[in-house]
Amino acid sequence: MRRTTFAIGLVSLALAVSASALAQTSADTKDKKAPAVQTAESQAAMTPASALEKLKKGNARFVEKNMRSRDWQAKVPATASGQYPFAAILACMDSRTPIEIIFDQGIGDVFGIRIAGNIVNEDELGSMEYATKVVGSKLLVVLGHTSCGAVKGSIDDAKLGNLTGLLARIRPAVSASGPGSSKDDAYVTKVAQANVSQAMKEIREKSPTIKAQLDAGTVGLVGAMYDLSTGKVTFLPD
Ligand SMILES: [Zn+2]
């Protein structure tokens, strides 16, 4: 009997959430500045190319001070029953690269995988496999940035506890960039960009699950650099 009551309670809750989501969708249709949350349908309708375009437009809105106004609290119940993010972004932990803000996205829109120096390890790969294979995201982005402290630390071959091993993962990008100084902004950017390319290479080589989706064209992989001084994201050529 208690179980039946519990089940009815769950159904009521589900209906309430659905009604709330519908109300939100309806409100969003009237107000173009408050788009609906991502749904299974909207996610399925997207391609790697359209996902990339969505991020490019979002960053353009951010740079042009034309960001969408969002009813954040309304998005909470509207996304509580499931998530259908269209992209997963591997970015640095840097406090100046908050991905939802710089791409002008809302709750439930993108996966954020953030770690110092946007390096790739098994845990990041597992997260990206989950995002694409299990949840259906269409695009993987590796986002580096200018003046990255982790990149500077790797150039200087800094040693500190567990950070030592993390910075060592950026060393191949330092080696590939030739000699230079962490005080040279252009050189730091060059290494950060090489580090993005290195991460993309590792994703392809170390995750058969992701590689299969890339080869099939169901998922895309792009590299990008964020400029801390302008707020602009530049997507790198293949
Ligand atoms: Zn950084």
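**Exercise 1. Where does Ser 229 lie, and is Ser 229 buried or exposed?**

Step 1. Locate Ser 229. It sits in the loop between strand 4 and strand 5. Helices (H or I, at least four residues) and strands (E, at least two) are DSSP runs, numbered from the N terminus. Residues are numbered from 1 along each chain as its sequence is written. The model is predicted: local features need pLDDT of at least 70, side-chain atom pairs count only at pLDDT 80 or more, and totals for chains, interfaces and linings use all residues.

Step 2. Apply the cut-offs. A residue is buried if 20 or more other C-beta atoms lie within 10 Å of its own, exposed if 12 or fewer, and partly exposed in between; C-beta atoms are placed from the backbone. Ser 229 has 9 C-beta neighbours inside 10 Å, so Ser 229 is exposed.

Step 3. Check its distance to Thr 146. The two are 83 residues apart in sequence. From C-alpha to C-alpha, they are 8.4 Å apart in space.

**Exercise 2. Describe strand 4 and its partners.**

Step 1. Judge burial. Strand 4 covers residues 220-226. Six of its seven residues are buried, so the rest of the structure largely encloses strand 4.

Step 2. Find the parallel partner. Two strands pair if DSSP finds at least two bridges between them. Strand 3 and strand 4 run parallel, joined by seven bridges. Leu 140 has Leu 221 of strand 4 as its bridge partner.

Step 3. Find the antiparallel partner. Three bridges link strand 4 to strand 5 (residues 233-235), and these strands run antiparallel. Ala 224 is opposite Phe 235 in strand 5.

Step 4. Look at the turn. Strands 4 and 5 make a hairpin with six residues between them. Gly 231, in that turn, has a positive phi of about 85°.

**Exercise 3. In what order do the five strands form the sheet?**

Step 1. Read the order. The open sheet runs 2-1-3-4-5, with mixed pairing.

Step 2. Find the edges. Strand 2 (110-114) and strand 5 each have a single partner strand, so one side of each has no neighbour in the sheet.

Step 3. Add one more pair. Strand 1 (residues 87-91) runs parallel to strand 3, with five bridges between them. Ile 89 has Val 141 in strand 3 as its bridge partner.

**Exercise 4. Which positive phi does Ser 147 have?**

Step 1. Recall the rule. Most residues other than glycine have a negative phi.

Step 2. Read the angle. Ser 147 is not a glycine, yet its phi is positive, about 50°.

Step 3. Place Ser 147. It lies in the loop between strand 3 (139-145) and helix 7 (149-155). With 15 other C-beta atoms within 10 Å, Ser 147 is partly exposed.
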